[in-house]
Amino acid sequence: MHDDQTRTGAKIETINQGLTRNVASLGFDLKDLVAHKKIVLDFVYVERSEIEESGEYDLEGLFIRLGAAIDAIGAKRVVLDTSESLFSGLSNPAMLRAEFAVQEVVSLKIIGQETAEEAQLAQGRADMGVSREVDAKPNKRKGVPK
Amino acid sequence: MKTKSPRPAQTGEKTVPGIAASSRYILKLYVAGQSPKSINAIANINKICKENLQGRYELEVIDLYQQPQLAKGDQIIAVPTLIKNLPLPLRRIIGDLSDTERVLVGLDIRNTA
(Lines give C-alpha, C1' and ligand atoms only; values in the text may rest on other atoms or scores of the structure.)
Protein backbone atom coordinates (compact mmCIF):
# COMPACT_ATOMS: atom_id res chain seq x y z
CA MET A 1 0.00 0.00 0.00
CA HIS A 2 2.65 2.51 1.04
CA ASP A 3 4.90 1.13 -1.61
CA ASP A 4 2.41 1.97 -4.31
CA GLN A 5 1.73 5.43 -2.96
CA THR A 6 5.42 6.13 -2.79
CA ARG A 7 5.83 5.03 -6.37
CA THR A 8 2.94 7.19 -7.53
CA GLY A 9 4.26 10.09 -5.51
CA ALA A 10 7.71 9.70 -7.01
CA LYS A 11 6.29 9.61 -10.51
CA ILE A 12 4.27 12.76 -9.89
CA GLU A 13 7.34 14.42 -8.40
CA THR A 14 9.32 13.63 -11.55
CA ILE A 15 6.59 15.02 -13.75
CA ASN A 16 6.28 18.16 -11.63
CA GLN A 17 10.02 18.69 -11.86
CA GLY A 18 9.87 18.42 -15.64
CA LEU A 19 6.94 20.79 -15.76
CA THR A 20 8.67 23.26 -13.46
CA ARG A 21 11.79 23.19 -15.63
CA ASN A 22 9.85 23.68 -18.85
CA VAL A 23 7.72 26.51 -17.51
CA ALA A 24 10.82 28.19 -16.13
CA SER A 25 12.09 28.52 -19.68
CA LEU A 26 9.00 30.62 -20.38
CA GLY A 27 9.82 32.91 -17.48
CA PHE A 28 7.46 31.56 -14.81
CA ASP A 29 8.68 30.25 -11.49
CA LEU A 30 6.20 27.51 -10.68
CA LYS A 31 7.62 26.80 -7.22
CA ASP A 32 7.28 30.44 -6.32
CA LEU A 33 3.72 30.59 -7.69
CA VAL A 34 2.79 27.49 -5.71
CA ALA A 35 4.36 28.91 -2.56
CA HIS A 36 2.37 32.12 -2.98
CA LYS A 37 -0.83 30.19 -3.69
CA LYS A 38 -1.14 31.56 -7.18
CA ILE A 39 -1.28 28.13 -8.74
CA VAL A 40 -2.09 24.56 -7.72
CA LEU A 41 -0.66 21.57 -9.53
CA ASP A 42 -2.34 18.19 -9.49
CA PHE A 43 -1.42 15.16 -11.47
CA VAL A 44 -3.92 12.54 -12.56
CA TYR A 45 -2.49 9.08 -12.56
CA VAL A 46 -4.29 6.37 -14.52
CA GLU A 47 -2.70 2.93 -14.63
CA ARG A 48 -4.82 0.75 -16.88
CA SER A 49 -3.38 -2.50 -15.56
CA GLU A 50 -4.67 -1.93 -12.05
CA ILE A 51 -8.21 -0.94 -13.07
CA GLU A 52 -11.14 -3.30 -13.37
CA GLU A 53 -14.53 -1.96 -14.44
CA SER A 54 -17.77 -3.26 -12.97
CA GLY A 55 -20.97 -1.37 -13.66
CA GLU A 56 -21.66 2.30 -14.08
CA TYR A 57 -19.34 5.05 -12.96
CA ASP A 58 -18.73 8.73 -13.61
CA LEU A 59 -15.87 11.17 -13.22
CA GLU A 60 -17.11 12.83 -10.06
CA GLY A 61 -13.83 12.03 -8.32
CA LEU A 62 -11.89 14.05 -10.87
CA PHE A 63 -14.29 16.97 -10.57
CA ILE A 64 -14.19 16.86 -6.78
CA ARG A 65 -10.40 17.11 -7.05
CA LEU A 66 -10.67 19.99 -9.48
CA GLY A 67 -13.11 21.68 -7.12
CA ALA A 68 -10.83 21.22 -4.13
CA ALA A 69 -7.83 22.56 -6.08
CA ILE A 70 -9.85 25.59 -7.26
CA ASP A 71 -11.14 26.31 -3.77
CA ALA A 72 -7.66 26.02 -2.27
CA ILE A 73 -6.50 29.22 -3.99
CA GLY A 74 -9.70 30.70 -5.40
CA ALA A 75 -8.60 29.90 -8.93
CA LYS A 76 -10.19 31.71 -11.84
CA ARG A 77 -8.89 29.39 -14.51
CA VAL A 78 -8.21 25.69 -14.94
CA VAL A 79 -5.91 24.07 -17.43
CA LEU A 80 -6.33 20.39 -18.24
CA ASP A 81 -3.38 18.72 -19.84
CA THR A 82 -4.20 16.27 -21.13
CA SER A 83 -7.47 14.38 -21.20
CA GLU A 84 -5.88 11.78 -23.47
CA SER A 85 -4.56 9.95 -20.44
CA LEU A 86 -8.13 9.41 -19.27
CA PHE A 87 -9.28 8.20 -22.66
CA SER A 88 -6.53 5.63 -22.85
CA GLY A 89 -6.94 4.53 -19.26
CA LEU A 90 -10.69 4.00 -19.17
CA SER A 91 -12.70 1.91 -21.55
CA ASN A 92 -15.85 3.96 -21.96
CA PRO A 93 -15.08 6.97 -24.18
CA ALA A 94 -18.76 7.77 -24.72
CA MET A 95 -19.23 8.18 -20.98
CA LEU A 96 -16.09 10.30 -20.72
CA ARG A 97 -17.28 12.60 -23.47
CA ALA A 98 -20.67 12.95 -21.82
CA GLU A 99 -19.00 13.75 -18.52
CA PHE A 100 -16.86 16.47 -20.01
CA ALA A 101 -19.84 17.86 -21.92
CA VAL A 102 -21.89 18.11 -18.75
CA GLN A 103 -19.01 19.82 -17.05
CA GLU A 104 -18.76 22.38 -19.82
CA VAL A 105 -15.08 21.73 -20.08
CA VAL A 106 -15.76 20.22 -23.43
CA SER A 107 -13.87 21.37 -26.45
CA LEU A 108 -13.85 20.30 -30.05
CA LYS A 109 -10.53 18.75 -29.31
CA ILE A 110 -11.94 16.36 -26.75
CA ILE A 111 -14.77 15.30 -29.01
CA GLY A 112 -12.34 14.73 -31.85
CA GLN A 113 -10.17 12.33 -29.90
CA GLU A 114 -11.25 9.05 -31.42
CA THR A 115 -7.72 7.78 -31.55
CA ALA A 116 -6.06 9.67 -28.80
CA GLU A 117 -3.16 7.28 -28.49
CA GLU A 118 -2.34 7.42 -32.18
CA ALA A 119 -2.55 11.17 -32.13
CA GLN A 120 -0.26 11.24 -29.15
CA LEU A 121 2.28 9.03 -30.84
CA ALA A 122 2.13 10.99 -34.04
CA GLN A 123 2.56 14.30 -32.34
CA GLY A 124 5.19 13.24 -29.88
CA ARG A 125 3.46 15.66 -27.59
CA ALA A 126 5.75 17.55 -25.28
CA ASP A 127 5.01 16.84 -21.66
CA MET A 128 3.87 20.34 -20.98
CA GLY A 129 1.84 21.30 -24.03
CA VAL A 130 -0.86 23.37 -22.41
CA SER A 131 -3.83 22.10 -24.31
CA ARG A 132 -6.83 24.05 -23.22
CA GLU A 133 -8.19 26.50 -20.73
CA VAL A 134 -11.60 26.34 -19.21
CA ASP A 135 -13.53 28.52 -16.82
CA ALA A 136 -13.45 27.34 -13.25
CA LYS A 137 -16.90 26.08 -12.42
CA PRO A 138 -16.36 22.63 -11.07
CA ASN A 139 -19.40 22.14 -8.92
CA LYS A 140 -22.02 23.15 -11.41
CA ARG A 141 -22.81 19.58 -12.22
CA LYS A 142 -23.95 18.37 -8.82
CA GLY A 143 -27.46 17.05 -8.98
CA VAL A 144 -27.59 16.82 -12.74
CA PRO A 145 -29.62 13.73 -13.60
CA LYS A 146 -27.82 11.11 -15.59
CA MET B 1 -8.42 -35.13 -4.98
CA LYS B 2 -5.70 -33.65 -2.83
CA THR B 3 -3.87 -31.95 -5.67
CA LYS B 4 -3.51 -28.23 -5.12
CA SER B 5 -3.74 -27.02 -8.65
CA PRO B 6 -3.46 -23.23 -8.82
CA ARG B 7 -6.02 -23.19 -11.59
CA PRO B 8 -9.22 -25.19 -11.55
CA ALA B 9 -9.72 -27.36 -14.61
CA GLN B 10 -13.13 -25.93 -15.36
CA THR B 11 -13.37 -22.38 -16.49
CA GLY B 12 -13.81 -19.61 -14.00
CA GLU B 13 -16.40 -21.24 -11.76
CA LYS B 14 -14.35 -22.14 -8.73
CA THR B 15 -12.52 -19.98 -6.28
CA VAL B 16 -8.77 -20.08 -6.63
CA PRO B 17 -7.01 -21.84 -3.80
CA GLY B 18 -3.75 -20.25 -2.70
CA ILE B 19 -2.67 -16.91 -1.42
CA ALA B 20 -5.87 -15.02 -2.19
CA ALA B 21 -8.00 -17.65 -0.50
CA SER B 22 -6.50 -17.00 2.91
CA SER B 23 -5.35 -13.40 2.75
CA ARG B 24 -6.79 -10.59 4.74
CA TYR B 25 -8.42 -7.94 2.58
CA ILE B 26 -8.08 -4.21 3.16
CA LEU B 27 -10.61 -2.40 0.99
CA LYS B 28 -11.62 1.22 0.56
CA LEU B 29 -14.73 2.29 -1.29
CA TYR B 30 -14.89 5.88 -2.48
CA VAL B 31 -18.38 7.20 -3.22
CA ALA B 32 -19.96 10.61 -3.80
CA GLY B 33 -22.92 11.34 -1.55
CA GLN B 34 -26.14 9.42 -1.86
CA SER B 35 -26.21 8.98 -5.62
CA PRO B 36 -27.80 5.78 -6.93
CA LYS B 37 -24.38 4.56 -8.08
CA SER B 38 -22.95 5.16 -4.62
CA ILE B 39 -25.79 3.40 -2.83
CA ASN B 40 -25.64 0.45 -5.22
CA ALA B 41 -21.88 0.17 -4.85
CA ILE B 42 -22.10 0.08 -1.05
CA ALA B 43 -24.84 -2.56 -1.13
CA ASN B 44 -23.00 -4.65 -3.72
CA ILE B 45 -19.61 -4.65 -2.00
CA ASN B 46 -21.17 -5.48 1.36
CA LYS B 47 -22.91 -8.46 -0.19
CA ILE B 48 -19.80 -9.62 -2.07
CA CYS B 49 -17.63 -9.33 1.04
CA LYS B 50 -20.10 -11.22 3.21
CA GLU B 51 -20.41 -14.02 0.69
CA ASN B 52 -16.74 -14.35 -0.25
CA LEU B 53 -14.54 -12.84 2.44
CA GLN B 54 -16.42 -13.61 5.61
CA GLY B 55 -14.42 -12.54 8.65
CA ARG B 56 -11.26 -11.54 6.84
CA TYR B 57 -11.84 -8.13 5.39
CA GLU B 58 -11.85 -4.50 6.42
CA LEU B 59 -13.99 -2.18 4.37
CA GLU B 60 -13.86 1.57 4.73
CA VAL B 61 -16.45 3.68 2.90
CA ILE B 62 -15.37 7.23 2.13
CA ASP B 63 -17.77 9.93 0.95
CA LEU B 64 -15.79 12.36 -1.17
CA TYR B 65 -18.33 15.10 -0.65
CA GLN B 66 -17.46 14.90 3.05
CA GLN B 67 -13.72 14.40 2.61
CA PRO B 68 -12.74 15.77 -0.81
CA GLN B 69 -9.09 16.04 0.18
CA LEU B 70 -8.80 12.24 0.20
CA ALA B 71 -9.44 12.01 -3.56
CA LYS B 72 -6.02 13.35 -4.44
CA GLY B 73 -3.98 11.04 -2.23
CA ASP B 74 -5.59 7.88 -3.55
CA GLN B 75 -5.73 9.21 -7.12
CA ILE B 76 -9.50 8.90 -7.39
CA ILE B 77 -10.92 9.86 -10.77
CA ALA B 78 -13.95 7.68 -11.32
CA VAL B 79 -16.67 7.25 -8.72
CA PRO B 80 -17.48 4.81 -7.24
CA THR B 81 -13.97 3.37 -6.89
CA LEU B 82 -13.15 0.34 -4.79
CA ILE B 83 -9.46 0.10 -3.89
CA LYS B 84 -7.91 -3.18 -2.85
CA ASN B 85 -4.90 -2.11 -0.79
CA LEU B 86 -4.21 -5.65 0.40
CA PRO B 87 -3.47 -8.28 -0.64
CA LEU B 88 -1.10 -6.91 -3.23
CA PRO B 89 -1.15 -5.99 -6.03
CA LEU B 90 -3.15 -2.84 -5.55
CA ARG B 91 -6.22 -2.89 -7.71
CA ARG B 92 -8.95 -0.35 -8.47
CA ILE B 93 -12.43 -1.48 -9.37
CA ILE B 94 -14.52 1.35 -10.75
CA GLY B 95 -18.28 1.33 -11.13
CA ASP B 96 -21.28 0.47 -8.99
CA LEU B 97 -19.88 -3.09 -8.63
CA SER B 98 -23.05 -4.57 -10.15
CA ASP B 99 -21.04 -7.03 -12.26
CA THR B 100 -20.10 -9.43 -9.48
CA GLU B 101 -17.86 -11.58 -11.68
CA ARG B 102 -15.69 -8.60 -12.59
CA VAL B 103 -15.44 -7.60 -8.94
CA LEU B 104 -14.33 -11.10 -7.95
CA VAL B 105 -11.73 -11.09 -10.71
CA GLY B 106 -10.55 -7.66 -9.61
CA LEU B 107 -10.21 -8.85 -6.04
CA ASP B 108 -8.27 -11.93 -7.19
CA ILE B 109 -10.92 -14.15 -5.66
CA ARG B 110 -11.71 -15.66 -9.01
CA ASN B 111 -9.66 -16.44 -12.07
CA THR B 112 -10.25 -14.52 -15.24
CA ALA B 113 -12.89 -16.56 -17.04
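In which sense do E1(B) and E3(B) pair, and over how many bridges? I would like to start there, and the reply is that these two strands of chain B pair in the antiparallel sense, over five bridges. Before going further I should say that what we are looking at is a predicted model, so please take everything that follows as a description of that model.

Within this pairing, B:Leu27 stands opposite B:Lys84, which belongs to E3(B). On the next pairing, E1(B) is joined to strand E2 of chain B, residues 57-63, by seven bridges, and here the two strands run parallel. In that pair B:Tyr30 stands opposite B:Ile62 of E2(B). To get from E1(B) to E2(B) the chain passes through H2(B), and this β-α-β crossover is right-handed. The helix H2(B) itself lies across E1, E2 and E3 of chain B, and it runs at about 165 degrees to E1(B).

Let me now put the strands together. They form an open sheet of five strands with mixed pairing, and its order is E1(A)-E4(B)-E3(B)-E1(B)-E2(B). At the edges are E1 of chain A and E2 of chain B, each of which pairs on one side only. From one strand to the next, the twist averages 20 degrees.

That order takes us across to the other chain. E1(A) pairs with strand E4 of chain B, residues 91-94, in the parallel sense and over three bridges, and A:Ile51 stands opposite B:Arg92 in E4(B). Taking the two chains as a whole, 26 residues of chain A are in contact with 32 residues of chain B. On the chain A side, the elements that give two or more residues are helix H1 (2-24), strand E1 (51-53) and helix H3 (60-73). The largest share of that side comes from H3(A), with seven residues. By class, the side of chain A that touches chain B holds twelve nonpolar, five polar and nine charged residues.

A word on chain A more generally: it has seven helices and three strands, and from the N terminus on its elements run α-α-β-α-β-α-α-α-α-β. Of its 146 residues, 17% count as buried.

Turning to the interior, the largest nonpolar core has 30 residues, and those that touch the most other members are B:Leu29, B:Leu64, B:Val79, B:Leu82 and B:Leu97. Two or more residues of this core come from each of H3 of chain A and, in chain B, strand E1 (25-31), helix H2 (36-52), strand E3 (81-86), E4 and helix H4 (100-106). If we take B:Leu82 and leave aside its neighbours within four places in sequence, its contacts are B:Leu27, B:Leu29, B:Ile45, B:Ile93 and B:Leu97. As general background, nonpolar side chains tend to be buried together in soluble globular proteins.

I will finish with one charged residue, B:Lys28, which lies in strand E1 of chain B. Is B:Lys28 buried or partly exposed? It counts as partly exposed, because 19 other C-beta atoms lie within 10 Å, while a residue needs 20 or more to be buried. Leaving aside neighbours within four places in sequence, B:Lys28 is in contact with B:Glu60, B:Ile62, B:Ile83 and B:Asn85. With B:Glu60 in particular, the separation is 32 residues in sequence but 4.8 Å in space, C-alpha to C-alpha.

How values were computed: Residues are numbered from 1 along each chain as its sequence is written. Chains are lettered from A and ligands numbered from 1 in the order in which they are written. This is a predicted model: local features need pLDDT of at least 70, side-chain atom pairs count only at pLDDT 80 or more; totals for chains, interfaces and linings use all residues. Two residues are in contact if their C-beta atoms, placed from the backbone, lie within 7 Å. Helices (H or I, at least four residues) and strands (E, at least two) are DSSP runs, numbered from the N terminus. Ala, Val, Leu, Ile, Met, Phe, Trp, Tyr, Cys and Pro count as nonpolar, Asp, Glu, Lys and Arg as charged, and the others, Gly among them, as polar. Two strands pair if DSSP finds at least two bridges between them. A nonpolar core is a set of buried Ala, Val, Leu, Ile, Met, Phe, Trp, Tyr and Cys residues joined through C-beta atoms within 7 Å. A residue is buried if 20 or more other C-beta atoms lie within 10 Å of its own, exposed if 12 or fewer, and partly exposed in between; C-beta atoms are placed from the backbone. A crossover is right-handed if, with the strands pointing away from the viewer, the path from the first strand over the helix to the second runs clockwise. Axes are lines fitted to C-alpha atoms, for helices over the stretch in contact, and angles run from 0 to 180 degrees between N-to-C directions.
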